[in-house]
Structure formats: C-alpha cells, structure tokens
Amino acid sequence: MTLGLDGEELVSAAEVAARLGLQRSRQVLDLRLHRFNFPRPVARTGRNLVWSWPQVEHWAQTEGFSGAAPGRTRRMH
C-alpha cells in the first residue's frame, strides 16, 4: 500500500486481487478490460499500474462484486 499526494490509498493489481479475494493479479486486469465501470488506474509505478483503493472498494460494493469475501474490502495494514 502506498499513499498518493492527497493521502488516498493506492494499491497494485496484486493487492487489489488479494483484497477482492481473487486468485491472481491478472484477474484485476481482466476486470479492467471486461467491466467497463471498473475504476481506471490512477498512476503507474515502473511497469505496474496502481489504483485508488477507495475507488475500487466503492466499485466492488456498488457492483455487488461476488469475488469480494466479507472483510476483504476493508482497509488492510
């Protein structure tokens, strides 16, 4: 986890996958391509994309994303 300039929590595809209960980070990229309302990455670190966790968490809640296990969409330290 990283914090953006505005204090927003930024997460990699691997961390998004873990928090949503997905098996692999590749599945996050598939969500990005096939679910048009999945949040856009907010930055890139090297070759890796990063997302705003609050945006992804909101998406998972509003979409009723079935991959999210209870408690997985909460902020992890």
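## Glu9 and its partner

Glu9 is found in strand E2, which spans residues 9-12; helices (H or I, at least four residues) and strands (E, at least two) are DSSP runs, numbered from the N terminus. The model is predicted, so that local features need pLDDT of at least 70 and side-chain atom pairs count only at pLDDT 80 or more, while totals for chains, interfaces and linings use all residues. Residues are numbered from 1 along each chain as its sequence is written, and side-chain values use heavy atoms, with hydrogens and water left out.

Glu9 counts as buried because its relative accessibility is 2%; buried means under 20% relative accessible area, exposed over 50%, and partly exposed in between (1.4 Å probe, protein chains only). The side chains of Glu9 and Arg19 are joined by a polar contact of 2.7 Å. Such a contact is a pair of N or O atoms within 3.5 Å; within protein, one must be able to donate a hydrogen and the other to accept it, and residues adjacent in sequence count only if both atoms are side-chain atoms.

## Overall architecture

The protein has 3 helices and 4 strands, arranged along the sequence in the pattern β-β-α-α-β-β-α. Of its 77 residues, 31% are buried. Where contacts (heavy atoms within 4.5 Å) link residues at least 6 apart in sequence, 44% join residues at least 24 apart.

## Helix H1 and its packing against H3

The buried residues of H1 are Ala13, Val16, Ala17, Arg19 and Leu20, and their cover includes E2, H2, E4 and H3. After H1 comes Gly21, with a positive phi near 80 degrees.

Helix H1 (residues 13-20) packs with helix H3 (residues 53-63) at an angle of about 35 degrees, the axes being 12 Å apart. Axes are lines fitted to C-alpha atoms, for helices over the stretch in contact, and angles run from 0 to 180 degrees between N-to-C directions. The crossing of H1 and H3 is right-handed, that is, the near helix is turned clockwise from the far one by less than a right angle, whereas anticlockwise would be left-handed. On the H1 side, Val16, Arg19 and Leu20 meet Trp53, Val56, Trp59 and Ala60 of H3. This set of contact residues comprises 6 nonpolar, no polar and 1 charged.

## The nonpolar core

The largest nonpolar core holds 16 residues, and Val16, Leu20, Val28, Phe38 and Trp51 touch the most other members. Two or more residues of this core come from each of H1, helix H2 (26-34), strand E4 (48-52) and H3. A nonpolar core is a set of buried Ala, Val, Leu, Ile, Met, Phe, Trp, Tyr and Cys residues joined through side-chain atoms within 4.5 Å.

## Phe38 and Ala13

Phe38 sits in the loop between H2 and strand E3 (43-45) and is buried because its relative accessible area is 5%. Beyond its neighbours within four places in sequence, Phe38 contacts Val16, Val28, Leu31, Arg32, Trp51, Val56 and Trp59. The C-alpha atoms of Phe38 and Glu63 are 9.3 Å apart, with these positions 25 residues apart along the chain.

Ala13 belongs to helix H1 and counts as buried at 13% relative accessibility. Outside its neighbours within four places in sequence, Ala13 is in contact with Ser25, Val28, Leu49 and Trp51. Ala13 and Leu29, 16 residues apart along the chain, have C-alpha atoms separated by 7.4 Å.

Conventions: Nonpolar A, V, L, I, M, F, W, Y, C, P; charged D, E, K, R; others polar.
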